[in-house]
Amino acid sequence: MIQDCLADDSGAADEWFEAVQLDNYGFSATAKDLDTIGTERPVALWGNDGHTVGSIAGATRFLA
């Protein structure tokens with residue numbers, strides 16, 4: 001699902017890709033799962049509880 005959305009998104013390599021309102025109770029992924037997304041873009045997945053976020057390894061290098 002996330003890989004399909006990334007493929008459809010025309011963002012630059014250094015532009016954040018964010019998926020928001022993910023169902024915290026219906027979606028679960030480990031850090032290892034997120035790293036298999038296969039992109040160099042920074043990715044953040046925000047949960048629908050407003051408190052949960054997951055990102056791929058290395059994404060924090062894009063934080064200013």
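**Notebook: pocket, core and a few single residues**

I started at A29, which is partly exposed, with a relative accessible area of 36%. Reminder to self: this is a predicted model. A29 sits in the loop that joins β1 to α2 (31-35). I then checked its distance to G54: the two are 25 residues apart in sequence, and their C-alpha atoms lie 8.5 Å apart in space. Both A29 and G54 turn up in the lining of the largest pocket, so I come back to them below.

**Overall layout**

I counted the secondary structure next. The protein chain has two helices and three strands, and along the sequence they come in the order α-β-α-β-β. For the chain I get a radius of gyration of 11 Å, close to the 11 Å that the globule rule gives for 64 residues, so the chain is as compact as a globular protein of that length. The box around the C-alpha atoms, taken along the principal axes, is roughly 30 × 25 × 20 Å.

I also looked up burial: 25% of the 64 residues count as buried. Then contacts. Among those with a separation of 6 or more, 57% join residues 24 or more positions apart.

**Largest pocket**

What volume does the largest pocket have? I read off about 160 Å³. Its lining is made of L22, N24, F27, S28, A29, L34, L45, W46, G47, T52, V53 and G54. I sorted these by element: β2 (43-47) and β3 (53-55) are the ones that give two or more residues to the lining. The largest share, three residues, is from β2.

How do the lining residues divide into nonpolar, polar and charged? I get seven nonpolar and five polar, with no charged residue.

**Two glycines from the lining**

G47 belongs to strand β2. Is G47 buried or exposed? It is buried, because its relative accessible area is 8%, under the 20% cut-off. Skipping neighbours within four places in sequence, I find G47 in contact with Q21, L22, N24 and T52. Of these, L22, N24 and T52 are also lining residues of the largest pocket. I tried G47 against A59 as well: they are twelve residues apart along the chain, with 17 Å between their C-alpha atoms.

G54 is in strand β3. With neighbours within four places left out, G54 touches L34, V43, A44 and L45. L34 and L45 appear in the pocket lining too. From G54 to V20, 34 residues away along the chain, I get 11 Å between C-alpha atoms.

**Nonpolar core**

I listed the largest nonpolar core: eleven residues, namely I2, L6, F17, A19, L22, L34, I37, V43, L45, I56 and A59. The elements giving two or more residues to this core are α1 (2-8), β1 (17-22) and β2. β1 gives the most, with three residues. I keep the general tendency in mind here: nonpolar side chains in soluble globular proteins tend to be buried together.

Comparing my two lists, L22, L34 and L45 are in the core and also in the lining of the largest pocket.

I picked L6 to follow up. Which residues does L6 contact, apart from neighbours within four places in sequence? I found F17, I37, T39, R41 and V43. Of these, F17, I37 and V43 are core residues too.

**Two exposed residues**

Q21 caught my eye in the backbone angles: its phi is positive, about 65 degrees, although Q21 is not a glycine. Q21 is part of strand β1. Its relative accessible area is 57%, so I note Q21 as exposed.

K32 is in helix α2. K32 is exposed as well, because its relative accessible area comes to 68%, over the 50% cut-off. Last distance of the session: K32 and G58 are 26 residues apart in sequence, and 13 Å apart C-alpha to C-alpha.

Methods. Residues are numbered from 1 along each chain as its sequence is written. This is a predicted model: local features need pLDDT of at least 70, side-chain atom pairs count only at pLDDT 80 or more; totals for chains, interfaces and linings use all residues. Side-chain values use heavy atoms; hydrogens and water are left out. On a 1 Å grid over the protein atoms alone, a cavity is a set of points where a 1.4 Å probe fits but cannot get out, and a pocket is an open set with protein on both sides within 12 Å along at least five of seven lines; lining residues have an atom within 4 Å of a point. Grid points are joined across faces, edges and corners, and a volume is the space filled by probe spheres set on the points. Helices (H or I, at least four residues) and strands (E, at least two) are DSSP runs, numbered from the N terminus. Ala, Val, Leu, Ile, Met, Phe, Trp, Tyr, Cys and Pro count as nonpolar, Asp, Glu, Lys and Arg as charged, and the others, Gly among them, as polar. A nonpolar core is a set of buried Ala, Val, Leu, Ile, Met, Phe, Trp, Tyr and Cys residues joined through side-chain atoms within 4.5 Å. Buried means under 20% relative accessible area, exposed over 50%, partly exposed in between (1.4 Å probe, protein chains only). Contact means heavy atoms within 4.5 Å. The radius of gyration is taken over C-alpha atoms; the globule rule is 2.2 Å times the number of residues to the power 0.38.
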